[in-house]
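Trainee: Could you show me how to read a few local features in a model like this one? I would like to go from single residues up to packed elements.

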Amino acid sequence: TKCNCSHFLAIIKGSNTTSNRKGINPSYKSNRSLEQPKWWSFVKEYLITNWNVIEANNCEVDDIINICNLNIPNSFIVAIDKDLLMLEGCNYNWRKNECITVTKSDAKYNFWCSMITGDVADNIKGIPGKGAKFAESLFVNADIDGKEYYTKVLDEYIKHFGEYDGIVEYNKNYISLKLLDKLDGFLIPDLVKYK
């Protein structure tokens, strides 16, 4: 109601959501509790049955949201999750009742900064000792549409870890952080009319 939408898609965690990332990075999200909230099963079933919520299986909710947002014209993301609020487009945060527009350049910059800094919430290390200020200075005058982000970040991984380990860590973190923009066999669900 607050964001004045006519239709919606809601996505909820299903099964086997992190296996593709854990296959590359076994420590991915290993710092999180495996215990579900007390009313998880009841609430999940209620949302699926009564609100046509879609289960994300074999990938994460964030991936499905990104894929849908990229493929549904005039869509926007409604979230409080920091990862989703860094995606390109209009992002509505219901807690703050604000809409944030993230440009393609901003989204690219945010992603590559996270490759340097890592993500504590998901147990992604990044480059030890390198923070946001380092990333900011590294990307000064970087060609946003070119390949400079890729090469600058890879160079820093190799400087820190050595060539072989640097490439392994870079790949591990890239796969852990990069949201999918397509998924084999996934079809965009029909939108649900908001009543």
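Mentor: Happy to, and keep in mind that this is a predicted model. Let us begin with Asn 4, which lies in the segment before strand 1 (7-8).

Trainee: What should I look at in the backbone of Asn 4, and what is its phi near?

Mentor: Look at the sign of phi. For Asn 4 the value is positive, near 60°, and the residue is not a glycine.

Trainee: Is Asn 4 buried or exposed?

Mentor: The general idea is to compare relative accessible area with two cut-offs: under 20% is buried and over 50% is exposed. Asn 4 has 70% relative accessibility, so it counts as exposed.

Trainee: Which loop holds Asn 58, and what is the sign of its phi?

Mentor: Asn 58 sits in the loop between strand 3 (54-56) and helix 3 (61-71). Its phi is positive too, near 65°. With a relative accessible area of 47%, Asn 58 is partly exposed.

Trainee: Now the sheet, please. What is the strand order in the open sheet of 3 strands?

Mentor: For a sheet, read the order of the strands, then the sense of the pairing. Here the order is 4-5-6, and the pairing is mixed. Strand 4 (77-78) and strand 6 (98-102) are the edges: each has a single partner strand, so one side of each lacks a neighbour in the sheet.

Trainee: In which sense do strand 5 and strand 6 pair, and over how many bridges?

Mentor: Strand 5 (residues 89-93) pairs with strand 6 in the antiparallel sense, over 5 bridges. You can follow the register by eye: Gly 89 is opposite Val 102 in strand 6, and Asn 91 is opposite Ile 100 in strand 6.

Trainee: How many residues lie between the strands in the hairpin of strand 5 and strand 6?

Mentor: There are 4 residues between them, and in this hairpin Asn 97 takes a positive phi near 50°.

Trainee: Let us turn to helix packing. At roughly what angle do the axes of helix 6 and helix 7 cross?

Mentor: Take the approach of the axes along with the angle. The axes of helix 6 (residues 148-161) and helix 7 come within 7 Å and cross at roughly 130°. That angle makes helix 6 oblique to helix 7. As for hand, the crossing of helix 6 and helix 7 is right-handed.

Trainee: Which residues meet in the contact of helix 6 with helix 7?

Mentor: From helix 6, they include Tyr 150, Val 153 and Phe 161, and from helix 7, they include Ile 167, Tyr 170 and Asn 173. By class, the residues of this contact divide into 8 nonpolar, 2 polar and 3 charged.

Trainee: Helix 7 also contains Ser 176, I think. What does Ser 176 contact, leaving aside its neighbours within four places in sequence?

Mentor: Ser 176 is indeed in helix 7 (residues 163-177). It is in contact with Arg 21, Asn 25, Tyr 28 and Ile 124. Ser 176 has a relative accessible area of 4%, so it is buried.

Trainee: And where is Asn 25 found?

Mentor: Asn 25 belongs to the loop between helix 1 (19-22) and helix 2 (40-51). Its relative accessibility is 2%, so Asn 25 counts as buried. Not counting residues up to four places away in sequence, Asn 25 touches Ile 124, Lys 172, Asn 173 and Ser 176.

Trainee: How far apart are Asn 25 and Ile 175, in sequence and in space?

Mentor: Asn 25 and Ile 175 are 150 residues apart in sequence and 8.2 Å apart in space, C-alpha to C-alpha.

Methods
Residues numbered from 1 in each chain as written. Predicted model: local features only at pLDDT ≥ 70, side-chain atom pairs only at ≥ 80, totals over all residues. Heavy atoms only, no water. Helix = DSSP H or I, 4+ residues; strand = E, 2+ residues; numbered from the N terminus. Buried < 20%, exposed > 50% of the residue type's maximum accessible area, 1.4 Å probe, protein only. Contact = heavy atoms within 4.5 Å. Pairing = 2+ DSSP bridges. Axes fitted to C-alpha atoms, helices over the stretch in contact; angles between N-to-C directions. Parallel < 35°, antiparallel > 145°, perpendicular 65-115°, else oblique. Left-handed = near helix turned anticlockwise from the far one by under 90°. Nonpolar A, V, L, I, M, F, W, Y, C, P; charged D, E, K, R; others polar.
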